[in-house]
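The following exercises concern strand pairing, burial and internal space. Please study the sequence and the model before reading each solution.

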Amino acid sequence: MQKTSCLFLLLPLCAVAQTAPTAPAPGTPEYDNSPAISAANAAKTATGPREWIDPDTGHRVIRISDEPNSQSLYFHYNSYTAEGDKMIFGTPSGIFTLDLKTLGQGTPKLDWIVDGRGTRTSPLMMAFHSREAYYTSGGTLYAVNVDTKESHAVFSGRVFGINSDETIVGNTVNLEDPTGKTQPPPPPNLIPQRERMFGDKIKAGIPLTPDEEYAASKEDGLARRLLNPTSMGFIFTNLVNGTQTTTGYQFASIDHQQFSPTDPHLVLYAHEGTWHEVERTWLVRTDGSDQHLVYKRQMDMEINGHEWWSYDGKTVWFDLQTPRSHDFWIGGVNIATGKLTQYHIQRNWWGVHFNSSRDDKLFASDGGDPTQVAFEKDGEWINLFRVQPDGSVTREKLANLSKNNYVTGQGGIEPNVSITPDNKWVVFRANIQGPVQVYAVEIAAADPQKASKPEKFVAEK
């Protein structure tokens, strides 16, 4: 572990502050004639209705955003104020807030809080406890008050997030342990993923489907990360005194880093690679102590991943499959006791990402197409799960996403669900009306006659 001073990086930035001018509203000439908006609108297609009742589920869907290529936050980043009254999201023209108190009462009430026209401006996360929203622009981290729109620079450099009391930012770098104590693991004995994933079918002479071939090729790409892993470490910068701590060295591809919402010195992160061949989900403290695996796989081909914190910071939740592509769960580990909670779900309930409500009584998934790990032909739904008294969950379909292209890298978008703090809406992003937009689907059914009935788990035969 190394400590250095970087106060010279912070003080000039912290002194910079500005109050955002009153932003022009979408639809006005000043707004529409900006270079970023003109470029976005040039490719704009008809977006369709602002809201509708999904004919397959009976639930109301509302399009929140107006600009093509708007984005809600990645699923594990906090999008909501602590009070639950506002949500942040990004657009080509900057960053907006949504008034959650009036959502569903006419046109969504949006407020433009950061003018990002002409710059690469992206929302990072909403602070866990204050009214500050954090965003990046030009390689600098900024904070903006969601009420006053006053913005100031916080840190110059790349970061994955800011901690719960807003005193530390984190980053990962390629760096070897100067003490030499951290050594590379022995090289793995990897075989082609076609054989690893579909060995039984290949031995039986059953041809793989195009979706299976595509999935195997993706996993081959991930497997290459395990052959010669790079040594990486964390850099934690104290924003109060400017000191930096470099720690947490390991030979791995580190990803999915996220500060605890309640413990300012605890970080959740993942080892990337083929999920069925890595021990994926880890914790580390900002001083480098208590670095340990959250969940150890119990069988060959088991996977866990796309982890996220519970709102109270007591549980790490994740997608769990025992083994991969066969038996599906929402899994969670209590970080104090190590107790594992498992909610059994059907194959077609699975999603690329899951998320939970603040009280952990509701969960949501964003579905997936047939090329994803569940290989399900009826899996393109926004799903809601309700925890039952017996420890099981039931599934309700909220929105049909069969028109969404899920295949990232081929024009697709993963919806990345989140549940609003009042447990009334599930927010997601999708290209169901053409360009990517931000949507919300109401949890209460607008048409009870068409509403999806709660489904219980039934073991596959």
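**Exercise 1.** Determine in which sense E20 and E21 run and how many bridges join them.

*Solution.* In this predicted model, E20 and E21 are antiparallel and are joined by 5 bridges. Within this pairing, Trp309 lies opposite Val316 of E21. The two strands form a hairpin with 5 residues between them, and Gly313 in the turn has a positive phi of about 75°.

**Exercise 2.** Identify the pairing of E21 with strand E22 (residues 328-334).

*Solution.* E21 also pairs with E22 in the antiparallel sense, over 7 bridges. Asp319 has Ile330 in E22 as its bridge partner. This hairpin has 6 residues between its strands, and Ser325 adopts a positive phi near 70°.

**Exercise 3.** Establish which residues of E21 lie on each side of the strand, and whether they are buried or exposed.

*Solution.* In a regular strand, side chains alternate between the two faces of the sheet. One side of E21 carries Thr315, Trp317, Asp319 and Gln321, and the other Val316, Phe318 and Leu320; all are buried. The count for the strand (residues 315-321) is thus 7 of 7 residues buried, taking buried as under 20% relative accessible area.

**Exercise 4.** Describe the largest cavity and its lining.

*Solution.* The structure holds 4 cavities of 30 Å³ or more, and the largest contains about 390 Å³ of space. Its lining comprises 24 residues, with His76, Tyr77, Asn78, Trp309 and Asn355 nearest the centre. By class, the lining has 13 nonpolar, 10 polar and 1 charged residues. Strands that each supply at least two lining residues include E20 (303-309) and E16 (253-259).

Terms used
Residues numbered from 1 in each chain as written. Predicted model: local features only at pLDDT ≥ 70, side-chain atom pairs only at ≥ 80, totals over all residues. Heavy atoms only, no water. 1 Å grid on protein atoms, 1.4 Å probe; cavity = no way out; pocket = protein on both sides within 12 Å on 5 of 7 lines; lining within 4 Å. Points joined across faces, edges and corners; volume = space filled by probe spheres on them. Helix = DSSP H or I, 4+ residues; strand = E, 2+ residues; numbered from the N terminus. Nonpolar A, V, L, I, M, F, W, Y, C, P; charged D, E, K, R; others polar. Buried < 20%, exposed > 50% of the residue type's maximum accessible area, 1.4 Å probe, protein only. Pairing = 2+ DSSP bridges.
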